[in-house]
Amino acid sequence: MTNTQTNRMPQEPMMLEEVKIRLAGDCLIHLSLSVAAGEVVTIMGPSGSGKSTLLAYIGGFLPPAFEGEGRVWLDGKDVSSLSAERRHIGILFQDPLLFPHLSVGGNLAFGLTRAVKGRAARKASVCEALEAINMAGFEGRDPETLSGGQKARVALARTLLSQPRALLLDEPFSKLDADLRVRMRHHVFERARSEGLPTLLVTHDEEDARAAQGRIIRLAPNGMVG
Amino acid sequence: MRFRPLHSAPMLISLLMLGPVLAGLLGALLPTFGWLPVLGGDSLTLEPVRALLATPGLARSIALSLASGLLATLLAMLMVIGLLSAWSGTRLFRWMVRMISPLLSIPHAATALGFAFLLAPSGWIVRMISPELTGWSRPPDWFFPHDPYGLAMIAGLTIKELPFLLLVSLAALPQIEPRRTQNLVRSLGYGPMVGWVHAVWPRLYRQIRLPIFAVIAYASSVVDVALILGPTNPPPLAVQLVRWMSDPNLSMRFLASAGAILQLLVTLAALGIWWGGERMASRLLGCLVQSGLRFQRDEWARRLAASLNVAAVLLMLLSLGGLVLWSFAGFWRFPDAVPVSLSLNTWMRQGPMLMEPLYNAVLIGGLATVVGIVMTLATLEAQSRMGKRSGRSAMVILYLPLIVPQVAFLFGLQLILLTVNASYALWALVFGHLIFTLPYIFLSLSDQWHVLDPRYMQMATALGRSAWAIFWRVRLPMLLRPILTAAAVGFAVSIGQYLPTLLIGGGRWETITTEAVALSAGGNRRLIGVYALMQMLLPFVGFLIATLIPTLFYKDRRGMTPADR
């Protein structure tokens, strides 16, 4: 690492600099990209193009079979050498992945940042978060009893409570039915914008890309930017 | 790189499996050639080997061990093949699985004792049909158990290993998609059973080969079942060995060591014969494929498979029922089918005597289980963090203590512990049990561990939680049920251990199992019934707790019910 690189301050909240991901020597992804606060950039590509792997690299959970290189800048800091839990990058998957052993409130409290201290304050934060998604009073509920849309909203709220500095969306709408998908897209993008989060959306659904109203990057089947 | 204690867990667990087995074998090998300085053996000699070979009846002992190992495994395996190929997915099959799962956890000794009570000349079955059907007013004159050909022992081992092989197969089957494959072969015109044997069995067999080897090794070297059901003069090799090992004349230790090595060779020979059988069977199967024979009319074979399996389960259930009945029996004259009266007398009299062996069994089993669970969790967590999974060689290491005969390496281990003055200590005994509980705990937990969706852990990481926080707050609670089940399995295995308790405990630690086996020679059925029943109860209580705790804990969490997993 040379000094010139460490000192260079990126212009945007999230920047990918010369990110390359290889599998068994083959280069799957080669990408540089900057995402502004509140901007949603969509990455599209057929399955197997490595778009989910890219999110895994940014989030810090690249499977050992892959090799990744390149920097990820967040708010002017290079986070690519940090472990995943120190990066403050929120992620949403296809499934809401609410922890089945915790209540709805427990799930939110699990996500809530440690910066909020004290029992009462933490409870209040969880309560507020539920109000913000029109689910006030759901603290004690078993997540398994929620509808698909409610689960998805709780999952988003949980991620936002951890105060991420960027948001990664790994086809989060693909398992919702058509009607719900439209509303969830609206909800997620609006929250991301209002929180000023640089957001990367990975999808193969054109509708998702259009609704995101941001730049669209298309990956060719071999993962190179087409 | 920074040293992380957790990352040494997989290494530690391998050492714990390999170490005692290798050390124990070495500890038996040296005295075999006369080297055991503690007892004055400080020169190399072939004297112990000569003494061993001069033992009267040795050839017969070896033959009995070989026969029981191979025949019991073969019969149990054929019954499993019959059941799976002919009845998968039927009501009979579900009934079998439901009946058989709890039977797995019952210690071998208890099953053998129940089996002896049921089929003995004065046993329950004869009593049920006498004198009406048989005209007998006195017990008939047949030799059971302890028949000279070991048939009682082989039969007892067969029905006891059947549940194990069936459940191991059921665990492996889903990866093979047996239904679709069997249907495909049937559409080519093959009968259902032979179709299953062609399409499913070879792949299933590859997956359950190690458990089958473990069964062969176990059945060819078992001590407690052989003591209860096997021939006495000459006995199977393993029983003969234990006699030498516990002989007050210390010079017999040399003979016993030579015997332990012989037992290892006999078990290896059994495995070798099996291996040859595998080759022959696959050639035969190959010829069958070539011939294109369809065997469409397999109704008779289906019926045979069903009756054998149902008979085995009924025998087990009646055996265990008989034990319960005997323990509560008052006066029970011979040809009567049931006792004249029931009483709590035996229980009341034995109550105080039961306390110490019960306490010991729970203490040793509890410690061996807790240590086993902690080590297993540490290993799995370390593997997850390093992004690794146990490979094929790790499986072989895990199975090593189950495939090398207990009696062959435990004796050498005992000699080593004696020389360092650690024998009879509680920790040594717990360690002795751990060698056998750990593989079962690990095998029972590792699949469930890896099945847990890794995205839950990624999600928790993205929420800013550390690896340890995720271990305690996500993995452990989500895996509570399989962890407790694995613990119950480990506990049940420890409760059933006879030989480690006897050898490493040096007879100073009486457990329910050592008492039950010791009593079996006496013939007081009421008393034996009490101890055998306690032997069954302990594992049962373990599994009960393992089921109840998660159910209570997660009663408002639908996502945590077992049906969901």
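1. Leu23(A) has Asp26(A) as its bridge partner in strand 2 of chain A. Strand 1 and strand 2 of chain A pair in the antiparallel sense over eight bridges; two strands count as paired if DSSP finds at least two bridges between them. Helices (H or I, at least four residues) and strands (E, at least two) are DSSP runs, numbered from the N terminus. The hairpin of strand 1 and strand 2 of chain A has two residues between the strands, and Ala24(A) takes a positive phi near 50° there.

2. The model is predicted: local features need pLDDT of at least 70, side-chain atom pairs count only at pLDDT 80 or more, and totals for chains, interfaces and linings use all residues. Residues are numbered from 1 along each chain as its sequence is written, while chains are lettered from A and ligands numbered from 1 in the order in which they are written.

3. The hairpin strands belong to an open sheet of four strands in chain A, with the order 2-1-4-5 and antiparallel pairing. Strand 2 (26-35) and strand 5 (77-78) of chain A are the edge strands, each pairing on one side only. Between strand 1 (residues 14-23) and strand 4 (residues 66-74) of chain A, which run antiparallel, there are eight bridges. Met14(A) stands opposite Leu74(A) in strand 4 of chain A, and Glu17(A) stands opposite Arg71(A) in strand 4 of chain A.

4. Which helix packs on the sheet, touching strand 1, strand 2 and strand 4 of chain A? Helix 2 (residues 51-59) of chain A does so, and its direction makes about 120° with that of strand 1 of chain A. Such angles run from 0 to 180 degrees between N-to-C directions, with axes as lines fitted to C-alpha atoms, for helices over the stretch in contact. Two residues are in contact if their C-beta atoms, placed from the backbone, lie within 7 Å.

5. Chain A also holds an open sheet of five strands in the order 6-7-8-3-9, with parallel pairing. Strand 6 (89-92) and strand 9 (216-218) of chain A stand at the edges with a single partner strand each, so one side of each is left without a neighbour in the sheet. Neighbouring strands of this sheet are turned by 20° against each other on average, direction ignored. Four bridges join strand 6 of chain A to strand 7 (residues 166-170) of chain A, and these strands run parallel. Gly90(A) has Leu167(A) in strand 7 of chain A as its bridge partner.

6. The contact between the chains takes 24 residues from chain A and 21 residues from chain B. On the side of chain B that touches chain A, helix 19 (454-462) and helix 20 (467-478) of chain B are the elements that give two or more residues. Helix 19 of chain B gives the most, with six residues. The residues of this side of chain B divide into nine nonpolar, six polar and six charged. Here Ala, Val, Leu, Ile, Met, Phe, Trp, Tyr, Cys and Pro count as nonpolar, Asp, Glu, Lys and Arg as charged, and the others, Gly among them, as polar.

7. Chain B is divided into domain 1 (1-35 + 346-565) and domain 2 (66-343), with bounds from an automatic or database domain assignment. The C-alpha centres of the two domains of chain B lie 24 Å apart. In chain B, 40 residues of domain 1 are in contact with 38 residues of domain 2. Helix 24 of chain B gives the largest share of the domain 1 side, 11 residues. That side of domain 1 of chain B divides into 28 nonpolar, 10 polar and two charged residues.

8. Where does the largest nonpolar core lie with respect to domain 1 and domain 2 of chain B? Both domains give residues to this core, so it lies between them. A nonpolar core is a set of buried Ala, Val, Leu, Ile, Met, Phe, Trp, Tyr and Cys residues joined through C-beta atoms within 7 Å. The largest one has 222 residues, and Leu113(B), Val223(B) and Val407(B) have the most contacts inside it. Helix 18 (residues 426-451) of chain B supplies the largest share of this core, 13 residues. Not counting residues up to four places away in sequence, Leu113(B) touches Ile228(B), Leu323(B), Ala516(B), Ser520(B), Ile528(B) and Ala532(B).

9. Met77(B) has its place in helix 3 (residues 58-87) of chain B. Met77(B) is buried, with 21 other C-beta atoms within 10 Å. A residue is buried if 20 or more other C-beta atoms lie within 10 Å of its own, exposed if 12 or fewer, and partly exposed in between, with C-beta atoms placed from the backbone. Met77(B) touches Leu165(B) and Ile212(B), not counting residues up to four places away in sequence.
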